[in-house]
Amino acid sequence: MTSEVVTSDAPRGASVISIEQVSSFLTDRFGPNASDVVALRQGGWSSAYGFARDSVGYVIRFSAHADDFARDRLAYRHASPTLPIPVVTEIGEAFGIHYAISERVGGVPIDDVDAAQMSGLLPSLFAALDAMHNADVSGTTGYGGWSDDGDAPHASWAAALLAVSDDSGDGRGSGWRSRLEESSVGAGGFDEAYATLVELAPYAPADRHLIHSDLMNYNVLVADLELTGVIDWGCAMYGDFLYDLAWLEFWWPWRPAWKEIDILAEAKRHHAEIGLDIPNFEERMRFNLLH
């Protein structure tokens, strides 16, 4: 098996590996039972390929960042019929980077459905948000993004979001502050928004809930009017469950087909139907949207 990696047009933090290389790796790993390798949509941090093994569909992803795969594995403990999360069956190393194998689910990305289907999907989408709201996170600690042990680093939800101004680490996006200051946009807009974020911080709730933090961007799969998979938990957090609703509201205008659907109004209607009273709703939504 060759170990040469094709790196042209690679996603951030990933290498584009050819189908021939993936096929060779899977044959070495599983024998002739691995077949039907196909390239799937490339993510921001990983390259994905589908394959079959003993007539069961799987996905193998390659990335420089193993922690995303660890979060996917941890997220499966929250899987339910209303929150379908594929199980990660294996994590390892190949081609000098990391790989993860998970069960493949059917369906199409929710991003690509038309307005009629999206309207019909709202009950299933809200049911998934409710499942995350009600998920048991008592065995974990902290707020903000998970580490690969399932805990988060911040002492409060306010601290987790206010940390957006910190550029002192060496993470994937490090150096953003200097790049912003040197850009034609400058940092003035960021600093003005951050000042408002500080003003809204007292409204941050103390409750901790499961947050996906990347619903859309091809991470929710659907078939007809049901969710079939909620994938890629690399951005997952603990904190205010309204963050996922804020995420949807933020990205909604990027899908012109849905312009007649008021996702915020629909969510409020759903909350009223299930009798969910949300204190400081408007302030919390603004806090999350600004972040």
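A salt bridge is counted here where a side-chain nitrogen of Lys or Arg lies within 4 Å of a carboxyl oxygen of Asp or Glu. By this rule, the predicted model contains 12 salt bridges.

One of these pairs is formed by Asp72 and Arg61, whose closest N and O atoms are 2.8 Å apart. The two residues belong to distant parts of the chain: Asp72 is in helix H2 (residues 66–75) and Arg61 is in strand E3 (residues 56–63), with 11 residues separating them. Both partners are withdrawn from the surface. Asp72 has a relative accessible area of 5% and is buried; Arg61, with 12%, is buried as well. The cut-off behind this assignment is a relative accessible area under 20%.

Helix H2 also holds a salt bridge within its own length. The side chains of Asp67 and Arg71 meet with an N to O distance of 3.5 Å, and the two residues are four places apart in H2, about one turn of the helix. Their surroundings can be compared through accessibility: Asp67 is partly exposed at 24%, whereas Arg71 is buried at 10%. The pair does not stand alone, for Asp67, Asp68, Arg71 and Arg172 are linked in a network of salt bridges.

A further pair within a helix is found in H8 (residues 263–273), where Arg269 and Glu266 lie three residues apart, about one turn of the helix. Their side chains form a salt bridge with an N to O distance of 2.8 Å. Arg269 has a relative accessible area of 44% and is partly exposed; Glu266, at 28%, also counts as partly exposed.

The discussion now turns from charged pairs to nonpolar packing. In soluble globular proteins, nonpolar side chains tend to be buried together. In this model the largest nonpolar core has 58 residues, and the members that touch the most others are Leu83, Met118, Trp157, Leu210 and Trp233. Helix H3 (residues 115–133) is the greatest contributor to this core, giving nine residues. A second core, separate from this one, has 17 residues, among them Phe25, Ile60, Phe62 and Ala94.

Trp233 illustrates how residues from several parts of the chain come together. Apart from neighbours within four places in sequence, Trp233 contacts Arg71, Asp72, Ala75, Leu83, Ile85, Met132, Trp146, Leu210, Ile211 and His212. This list includes Arg71 and Asp72, the residues of H2 already met as salt-bridge partners of Asp67 and Arg61, respectively.

Helix H3 also carries a polar residue, Ser124. With a relative accessibility of 11%, Ser124 counts as buried. Once residues up to four places away in sequence are set aside, Ser124 touches Leu225, Glu226 and Leu227.

Another helix, H6 (residues 188–200), has 13 residues and spans 19 Å from its first C-alpha to its last, close to the 18 Å expected at 1.5 Å a residue. Its buried residues are Thr196, Leu197 and Leu200. Viewed down the axis of H6, these buried residues fall within an arc of 110°, and they therefore line one face of the helix. The partners against which the buried residues of H6 pack are helix H4 (157–162) and helix H9 (281–290).

The strands complete this account. Strands of a sheet pair through backbone hydrogen bonds, either parallel or antiparallel. Strand E4 (residues 88–94) and strand E5 (residues 97–103) run antiparallel and are joined by six bridges. Within this pairing, Ile91 has Ala100 of E5 as its bridge partner. Two residues lie between the strands of this hairpin, and Phe95 adopts a positive phi near 60°. Ala94, at the end of E4, is a member of the second core.

A separate topic is the open sheet of three strands, arranged in the order E7-E11-E8 with antiparallel pairing. Strand E7 (144–145) and strand E8 (209–211) are the edge strands; each has a single partner strand, so one side of each is left without a neighbour in the sheet. E8 and strand E11 (residues 237–239) run antiparallel and are joined by three bridges. Leu210 has Tyr238 of E11 as its bridge partner. Leu210 thus links two parts of this description: it is paired with Tyr238 in the sheet, and it is among the residues that touch the most other members of the largest nonpolar core. Leu210 is also one of the residues in contact with Trp233.

Note on methods: Residues are numbered from 1 along each chain as its sequence is written. This is a predicted model: local features need pLDDT of at least 70, side-chain atom pairs count only at pLDDT 80 or more; totals for chains, interfaces and linings use all residues. Side-chain values use heavy atoms; hydrogens and water are left out. Two strands pair if DSSP finds at least two bridges between them. A nonpolar core is a set of buried Ala, Val, Leu, Ile, Met, Phe, Trp, Tyr and Cys residues joined through side-chain atoms within 4.5 Å. Buried means under 20% relative accessible area, exposed over 50%, partly exposed in between (1.4 Å probe, protein chains only). Contact means heavy atoms within 4.5 Å. The expected span of a helix is 1.5 Å times one less than its number of residues. The arc is that of the directions from the helix axis to the C-beta atoms.
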